[in-house]
Amino acid sequence: MERRSPDRHRERKGRQDHKLKIEPKTASLVELPRVLEKLSRKTRSETGQKAFVAISPARSVEQALHRQSLLKCYIRYRDTRGEFPWDGSVRPVAQLLESTMSASFLSGGELLRFRILVGLALRIRGAAHDARGDIPGIEGLAAGIRDMSVEFAGLQVIADDGELYDHASPDLERVRRDLHEARTRARNKCSELSGRQSLAPFLQDRVTHLRKGRLALLVRLEDASRFDGIVLDRSGSGKGVYVEPRELVGLNNRIEILRSDVAEEERKILTRLTAMIIEKSAAILDAENAVALIDIMHACARIMEEPGWSLPELEERPRFHFLDLWNPLIGSECVPINIHCGERFRQLVITGPNTGGKTVVLKSVSIAVFLALSGLPVPAAEGSVVGAVDFLAADIGDEQGIEQSLSTFSSHISRIVMMINSAGPDSLLFIDELGAGTDPQEGAALGMAILEKLREKRCLVLATTHHNPIKKFAVTSRGVESASMEFDPETFSPTFKLMMGVPGKSNAILIAQRLGMPDDVIAMARENLSGENRSAERLMDELFDKQVELERAGKESADERRLLASLKKTLVEKTGRISLKEGRMLMEADVKARKILEEAESAARDLLKRVEGAAESAARREFEKGREGVVNLKNKIAGREESLQKKQAELEGRPEPGDTVKIAGTEARGVVESIDGEKAVVEAGALRIDVPLKNLVKVKEGKDPSRKTAVTADHIPAPRGVPSSIMVRGMTLDEAMPEVGVYLDRAFRAGFGEVVVIHGRGEGILRRAVHDLCGSLHYVTGYRLGNADEGGYGVTVVSFGSRKS
């Protein structure tokens with residue numbers, strides 16, 4: 001690997017905040033807009049889709065990593081808490097804000113968009129704030145959202161249909177009430193008139209009609225001149241006219257005045273709300289950007305759920321290394337490739353047949369680099385790496401400058417000249433069919449000179465070519481590597497697989513021979529190749545064949561290693577299962593034995609209570625002697641049970657945050673909250689316990705991220721075989737308290753009314769910790785030091801309330 005001088009390193013460090021710039025035509029040449037448009041369909045709103053399509057690379061690798069971090073936070077939030085707040089009716093508001101500069105006020109429907117946006121933004125802000133303790137960094141998703149609760153409250157006067165509520169202002173409520181009453185009186189008057197016998201012969205129907213904003217009756221055309229009123233309109237059939245009766249004129253006039261008052265009051269309210277929106281325009285645009293970001297995160301999370309997508313590693317050094325890279329425009333039919341540049345070499349020359357996939361490789365790499373430096377997932381496998389690139393340009397296809405009236409070749413040369421003048425050591429350039437479009441000898445000579453010039457500038461270059469001299473240049477030049485697109489001579493078709501390290505094998509004469517070209521023509525063609533060309537072709541053919549053989553052998557070796565690893569894993573699992581089965585059989589026997597011991601111990605206690613006088617002391621001494629043996633047996637049983645569960649823990653594998661686990665030696669279950677080295681914090685009921693990882697066993701429920709808290713004591717099945725006391729005397733505080741916490745939980749669920757914690761006298765440190773713990777547990781109803789005959793200050797007697805069913 002080349003060594004970089006300190007000066008060059010400082011030069012690069014000074015440029016590390018320069019964002020990736022894409023030469024204007026390059027985006028369309030590599031079909032980047034099509035890719036972004038396709039990916040943007042995963043968003044849920046027009047706002048998010050527009051933002052996704054318009055996304056640009058980060059200003060620096062640090063900012064791109066920050067974007068990746070936000071995506072990880074979003075995914076973790078969704079996995080542990082469900083979806084972020086969202087409103088499917090959210091719509092863009094930026095253009096509306098621009099229109100407010102020329103319009104006097106926004107309509108209710110337009111203001112409704114702002115109400116929806118601001119409300120959603122505040123809910124997003126609240127969700128991020130609530131989760132900041134569990135998901136560090138998640139507040140970055142709502143960083144642009146300011147407190148607009150006052151403005152949101154003001155917009156609550158807009159109903160979901162865009163109309164103003166009556167309570168938008170006292171005056172609006174009053175004039176709307178007056179309008180309603182005036183309309184009611186007018187309708188009642190119409191009903192009265194249409195019901196009069198004297199007017200019945202003139203009316204075509206008895207329905208109240210609304211014409212030109214005024215209430216009217218439908219009168220027969222021939223009777224219109226004899227009806228006392230004002231003609232407003234003619235019916236569609238022409239057989240009647242709408243007449244406003246003279247008695248309705250005053251009421252209709254009143255309605256018209258009140259309607260005008262309502263409109264004026266609504267205009268005042270809308271003008272006030274519009275002014276409020278204008279005043280907060282910057283905050284609203286920031287909120288819209290934050291909402292768009294959430295939608296982009298949602299789209300990226302959906303993309304990450306699909307196979308073949310991952311977040312690449314990012315670094316400052318300009319390079320890339322993609323594993324199983326594919327083109328998202330081709331989809332599942334695209335053959336994935338492994339490709340890299342910028343490590344041992346800074347130029348990669350790809351050869352291969354026409355339609356063999358060379359151009360697709362260039363486009364796929366450029367798309368993936370853009371997505372990676374934008375902080376987005378890339379269509380490649382885990383472990384892919386992308387470094388900082390500050391300029392990306394491509395010359396692909398038959399694009400030519402019509403405005404300059406240049407030929408295809410001249411157009412390509414013009415773009416390459418632009419690249420040479422614009423590129424630097426952090427640039428990434430793509431040149432398709434280098435040296436094509438002119439005389440082969442001149443084209444090859446020019447192509448090698450271009451590569452040499454770009455090598456001097458230390459650019460990253462991916463180029464494709466058909467010219468043998470350029471292939472030879474790539475094989476013999478330092479800092480340049482060859483690659484080729486595989487071709488199947490049996491089927492005369494490309495396989496679209498990229499083979500790093502060897503130039504492409506020439507197949508023209510071979511294909512001609514397979515297709516029936518006369519042998520003498522084939523022999524003459526081979527003779528026409530110069531000696532130098534023949535030896536170069538033979539060398540490259542041998543390299544190609546050797547690479548194919550090595551890759552095949554490597555694949556067979558990898559397959560064998562995977563098979564052996566699978567067989568080993570199966571054998572270990574089977575052996576472990578057999579051992580566990582034997583252990584469980586022993587444990588079942590231990591449980592029965594422990595039950596018998598506990599029944600005997602309980603019977604002995606009952607018998608002691610009935611003994612009186614001198615015989616009591618003697619009986620109690622004998623009881624304590626026997627009890628020591630019982631305790632020893634119980635401890636052996638507990639040790640075997642703990643050993644079995646540790647074996648099960650080794651078999652199940654290391655727990656991770658979110659896994660439901662059981663603590664070895666107990667029946668208590670909880671959820672792993674966090675892991676620090678070889679210890680884990682487990683939430684079990686009301687307790688948060690530090691437990692060594694080796695003592696945790698994953699249970700079959702597996703990871704349950706939707707459960708934020710552990711299973712509570714009231715909902716865990718009651719354990720079997722729980723002793724009536726626990727001995728922690730001689731333990732440290734860190735050792736004893738997890739044991740006591742788990743024991744009390746088990747004892748409560750086992751139905752004990754009272755248990756004993758034996759902590760010893762000492763300095764009272766353990767005793768005080770036990771008492772503090774008892775005081776914090778909701779199911780502990782009381783605790784006290786033991787009586788003289790119970791162990792005195794060396795024990796604490798803990799009492800429980802009744803267990804919920």
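**Exercise 1. Is Lys212 buried or exposed, and what is its relative accessible area?**

Before we start, a word on the ground rules: this is a predicted model, in which local features need pLDDT of at least 70, side-chain atom pairs count only at pLDDT 80 or more, and totals for chains, interfaces and linings use all residues. Residues are numbered from 1 along each chain as its sequence is written, and side-chain values use heavy atoms, with hydrogens and water left out.

*Solution.*
- Step 1: recall the classes. Buried means under 20% relative accessible area, exposed means over 50%, and partly exposed is in between (1.4 Å probe, protein chains only).
- Step 2: read the value. Lys212 has a relative accessible area of 63%, so Lys212 is exposed.
- Step 3: place the residue. Lys212 sits in the loop between strand 2 (209–211) and strand 3 (214–220); helices (H or I, at least four residues) and strands (E, at least two) are DSSP runs, numbered from the N terminus.
- Step 4: check the backbone. The phi of Lys212 is near 55°, a positive value in a residue other than glycine.

**Exercise 2. Find where Phe496 lies, and give its phi and its accessibility class.**

*Solution.*
- Step 1: Phe496 belongs to strand 15 (residues 493–500).
- Step 2: its phi is near 65°, again positive in a residue other than glycine.
- Step 3: with 38% relative accessibility, Phe496 counts as partly exposed.

**Exercise 3. Describe the salt bridge of Arg319 and the surroundings of its partner.**

*Solution.*
- Step 1: apply the criterion. A salt bridge is a side-chain nitrogen of Lys or Arg within 4 Å of a carboxyl oxygen of Asp or Glu.
- Step 2: Arg319 and Glu343 meet this criterion, at 2.3 Å from N to O.
- Step 3: locate both ends. Arg319 is in the loop between strand 6 (313–315) and strand 7, and Glu343 in the loop between strand 8 (337–341) and strand 9 (347–351), so the pair ties together parts that are 24 residues apart in sequence.
- Step 4: Arg319 is buried at 10% relative accessible area, and Glu343 is buried at 19%.
- Step 5: look at Phe320, which lies in strand 7 (residues 320–325). Phe320 is buried at 1% relative accessibility. From C-alpha to C-alpha, Phe320 and Glu343 are 8.3 Å apart in space, while 23 residues separate them in sequence.

**Exercise 4. Survey the other salt bridges.**

*Solution.*
- Step 1: the whole structure holds 33 salt bridges.
- Step 2: one of them joins Arg146 and Asp286, whose closest N and O atoms are 2.6 Å apart. This pair links distant parts of the chain, 140 residues apart: Arg146 is in the loop between helix 7 (108–131) and helix 8 (149–154), and Asp286 is in helix 11 (residues 281–305).
- Step 3: Arg146 is partly exposed at 41%, and Asp286 is partly exposed at 26%.
- Step 4: Glu192 and Arg196 also form a salt bridge, at 3.0 Å from N to O. Both take part in a salt-bridge network with Lys189 and Glu247.

**Exercise 5. Count the disulfides, then classify Cys334 and Cys459.**

*Solution.*
- Step 1: a disulfide is a pair of cysteine sulfur atoms within 2.5 Å.
- Step 2: the structure holds 0 disulfides.
- Step 3: Cys334 is buried at 12% relative accessibility, and Cys459 is buried at 1%.
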